[in-house]
Amino acid sequence: MLETYFSYFKRQPLASIPVFLTLLPIFLIWRSKAYHERTFLILLIYLVFKFVLDFTMFEWASNQRNTVLFYNLSVPVRYVLTSCMYYYKLEYKQQKTWLIISMPVFVGFSVWDIVQTNPSLLDLHNHSMVLYSTTVESLLMLFWILLYFYNTIRALRIPNLLNYPFFWICSGLLLYYSSLLFIAPVLHYASKWEEWMDIGILYNVPYVFESVSIILFSIGISQYSDSSYAK
Amino acid sequence: MQNNDELKLVLLIASIAMLMMAFFVIMFVMYYQKKKFEEEKKINDIEKNYNRLLLDTALNSEETERRRIAQDLHDDIGTMLSLTKLSLNQLSKLIVTSGDDKEDAIMKKSQSLVEETILHVRRITRDLVPTTLERFGLMEAIEEFIHKLEEDNNLVISFQSSTEEFPRQGQKLELTLYRIMQELVNNAIKHANCNKIDISLEIDEEIIGLRVTDNGVGFDPDKIKESNLAGLGLLGIESRLAIVNGTVQYEQPTQGGSSAIARIPVNPASGNKPEPLHPFRRERVNI
């Protein structure tokens, strides 16, 4: 079993690195007990969910099986969990209400997208990546991140952003979703078991920025301390 | 195939552009936040200095006004009372020769009232302008203040100093410490229902500490601050301290009562001797 893992790791290092790199922020949250703060608790849940799913995908991929179904399922869950962090970070009630509304709407939309792109859901071998959901998710997440940045600049409550953990998390998410925005619709055609479209180096861009975002999460979490965060 | 290559190129350019925008946003947020904070800090500093200047001017005006009133009391009312006393003495001699006992008794009562009024005027004048403070320094002024209070009230007031010869400080600093001490002691007498007050004065190379402790009912300083009950007295103390970069801390000793400690950075007096208050000068004083 380990041989197949190593073999896959050697063949797809850029896709495999973020799977195991996810363990770093999980460990840092656990060590610094950052989960006492609600935002970090949600981040921890998201990272654990991501690790379990990514590892399952890694396992399936190393055994030459189509993993797109897991990716498709992860899209709505990922949006709900990451946007949930912003629910606690945004200050205005109106913004929170819109964020809450966006969650079920997006979940519904992504379920529709999964069914639309894969009329035969049980045919796992020919499962295709969602066509619109990832792009819509990226747009929505970029909107919430930029809104949070705007509120932060206006409120002037954080003296030094570099010491502020959530700023690093936002930066990581901003880079990840920016890298995904234009590539996501093409991934629908590229991530197929048969008759797939070759997009070359672009296929690895989301993986690279996934790793970058995880490293930024880790930097942010390492800045966390109970007392300073309370301020 | 060519279309595919073009698509890849377009996607690559779009993704690089998007990532550059994301980097720019992150950098912009960091830079703008830092810049705005610096500006905000500058505005706060200007506001703080302006408020300090206003407060300083207000306190200077108060001291000038005190001196003016003290001068009027001393020069006008004091002189008139002395003349009245002189006239009454002359009248008293006439009444004694006339031999009317009733008139003599009224005269003696009038004389005693005038004398008492003269004493009151002197006391008020001294309260208004602490001449001892400017002539002899803080320790003597506090001792004099205690002596007067013990005469008038049923109180035991003790005073300790960490040094026998308390070095003279700047006029403003000495007056600030004296007024704070006055306010704290008056507060203890008015509100604490105490019968013992301890005043201590400590000085090291950097800080002068003035502590006033009473054995009265005590108060919770946090509650007073939260409920905006800090009267003009406590606010006045904080205002005076803000001008000389001082701080005040209120404590509740375990044995009961309350304790306040004011800390002010040392500011030794310059070579110039303080100008004497008597005879009073009409000019505005800058403390």
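Strand β4 of chain B, residues 247-251, has side chains that alternate between two faces. B:Val248 and B:Tyr250 point to one face and are buried, while B:Thr247, B:Gln249 and B:Glu251 point to the other and are not buried. Please keep in mind that this is a predicted model. The points below follow this strand to its partner and then turn to two surface patches.

**The β4-β5 hairpin of chain B**
- Strand β4(B) runs antiparallel to β5(B), which spans residues 258-265, and five bridges join the two.
- Across this pairing, B:Tyr250 stands opposite B:Ala260 of β5(B); B:Tyr250 is also one of the buried side chains of β4(B).
- Six residues lie between the strands of the hairpin, and B:Gly256 there has a positive phi near 100 degrees.

**A negative patch on chain B**
- B:Glu38, B:Glu39, B:Glu40 and B:Glu47 make up a negative patch on the surface.
- Of these, B:Glu39 belongs to helix α1 of chain B, which covers residues 2-98.
- B:Glu39 counts as partly exposed because its relative accessibility is 46%, which falls between the cut-offs of 20% for buried and 50% for exposed.

**A nonpolar patch on chain A**
- On chain A, the surface carries a nonpolar patch of A:Phe9, A:Ile17, A:Phe20 and A:Leu23. Together they have about 300 Å² of accessible area.
- One of its members, A:Ile17, sits in helix α2 of chain A, residues 13-21.
- With a relative accessible area of 36%, A:Ile17 is partly exposed.

Technical notes: Residues numbered from 1 in each chain as written. Chains lettered and ligands numbered in written order. Predicted model: local features only at pLDDT ≥ 70, side-chain atom pairs only at ≥ 80, totals over all residues. Heavy atoms only, no water. Patch = residues over 30% accessible without salt bridge, like charges linked within 9 Å, V, L, I, M, F, W, Y side chains within 5 Å. Areas by Shrake-Rupley, 256 points an atom, 1.4 Å probe, with all protein chains shown as cover. Salt bridge = Lys/Arg side-chain N within 4 Å of Asp/Glu carboxyl O. Lys, Arg positive; Asp, Glu negative; His and termini not counted. Charge placed at Lys NZ, Arg CZ, Asp CG, Glu CD. Helix = DSSP H or I, 4+ residues; strand = E, 2+ residues; numbered from the N terminus. Buried < 20%, exposed > 50% of the residue type's maximum accessible area, 1.4 Å probe, protein only. Pairing = 2+ DSSP bridges.
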